[in-house]
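Please open the model in your viewer and keep the sequence panel beside it. This tour tells you what to select next and what you will find there.

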Amino acid sequence: MTRVLVLNGPNLGRLGSREPDVYGNQDLTALTKILIADSPGVEIDLRQTDSEPELMSWLHEAVDTRTPVILNPAAFTHYSYALRDAAAQVTKAGIPLIEVHISNPHAREEFRHTSVISSVATGVIAGFGFDSYRLALTQLTRAPLVD
Ligand code: DQA
């Protein structure tokens with residue numbers, strides 16, 4: 001594996017200043033540096049958008065280029081069937097897609113308890129701050145137990 005797409009949805013460009021009690025004090029630039037330091041030899045292609053169609057187009061790109069995905073869909077998690085259908089194309093093509101969340105949505109407001117993405121994701125990691133991304137990257141880059 002040489003490249004991983006780390007895709008972030010709406011409002012995650014505000015990390016660092018947005019609700020630091022929930023999301024911490026670090027921004028996406030810091031996250032990129034952490035992931036690069038964790039995985040020498042892996043190209044970390046980290047992106048963020050507030051736009052649903054743009055996020056979908058990046059998932060389409062993941063299918064076309066067969067690139068594994070770490071996806072924090074942010075608020076789209078809870079209601080975007082369009083994003084779910086795009087994510088399903090990734091995993092149905094046999095490409096891993098790990099849904100991540102900085103916070104634990106299940107410990108928060110009721111509307112955050114539903115993810116329309118999880119059932120088409122390869123797996124879900126939530127509640128560990130930026131370590132949610134690091135754990136996802138570890139899983140994507142470790143040798144499979146069974147091949
Ligand atoms: C989030 C959780 C979502 O409920 C929220 O809308 C976000 C961030 C997280 O990383 O904890 O924007 O995905």
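Select Arg112 to begin: does Arg112 count as buried or exposed? At 15% relative accessibility, Arg112 counts as buried, where buried means under 20% relative accessible area, exposed means over 50%, and partly exposed lies in between, with a 1.4 Å probe and protein chains only. What you are looking at is a predicted model, in which local features need pLDDT of at least 70 and side-chain atom pairs count only at pLDDT 80 or more, while totals for chains, interfaces and linings use all residues. Residues are numbered from 1 along each chain as its sequence is written, and side-chain values use heavy atoms, with hydrogens and water left out.

**The whole chain**

Zoom out and colour by secondary structure, and you should find 5 helices and 5 strands, which are DSSP runs numbered from the N terminus (helices are H or I with at least four residues, strands are E with at least two). Following the sequence from its start, the pattern reads β-α-α-β-α-β-α-β-β-α. The C-alpha trace spans about 40 × 35 × 30 Å along its principal axes, and buried residues make up 46% of the 147 residues. Contact means heavy atoms within 4.5 Å, and among contacts between residues at least 6 apart in sequence, 79% join residues at least 24 apart.

**Around Arg112**

Return to Arg112, which sits in the loop between β4 and β5 (123-126). Leaving out residues up to four places away in sequence, Arg112 touches Tyr23, His78 and Pro105. Select His78 next, in the loop between β3 and α4; His78 is buried, with a relative accessible area of 13%. Beyond residues up to four places away in sequence, His78 touches Pro105, Phe111, Arg112, Thr114 and Val116.

Both of these residues appear in the UniProt "binding site" annotation (unreviewed entry), which lists Asn72, His78, Asp85, Ile102, Ser103 and Arg112. Those listed positions spread over 41 residues of sequence and are also spread in space, up to 23.8 Å between C-alpha atoms. UniProt positions are given in the numbering used here, feature names are shortened, and annotations may be inferred rather than shown by experiment.

**The annotated active site**

Now select Tyr23 and His101, which the UniProt annotation "active site" (unreviewed entry) covers. They span 79 residues in sequence, yet no two of their C-alpha atoms are more than 9.6 Å apart, so they gather at one spot.

Look at Tyr23 on its own, in helix α1 (residues 20-23), where Tyr23 counts as buried at 9% relative accessibility. Setting aside neighbours within four places in sequence, Tyr23 is in contact with Leu15, Arg18, Ile102, Ser103, Arg108 and Arg112.

Move on to His101 in strand β4 (residues 97-101), which counts as buried at 7% relative accessibility. Not counting residues up to four places away in sequence, His101 touches several residues, including Asn72, Pro73, Thr77 and Ser132.

**Last stop: Thr77**

From His101, step across to Thr77, in the loop between β3 (69-72) and α4 (81-92). How does Thr77 count, as buried or exposed? At 1% relative accessibility, Thr77 counts as buried. Apart from residues up to four places away in sequence, Thr77 touches Glu99, His101, Thr114, Ser115, Val116 and Ile117.
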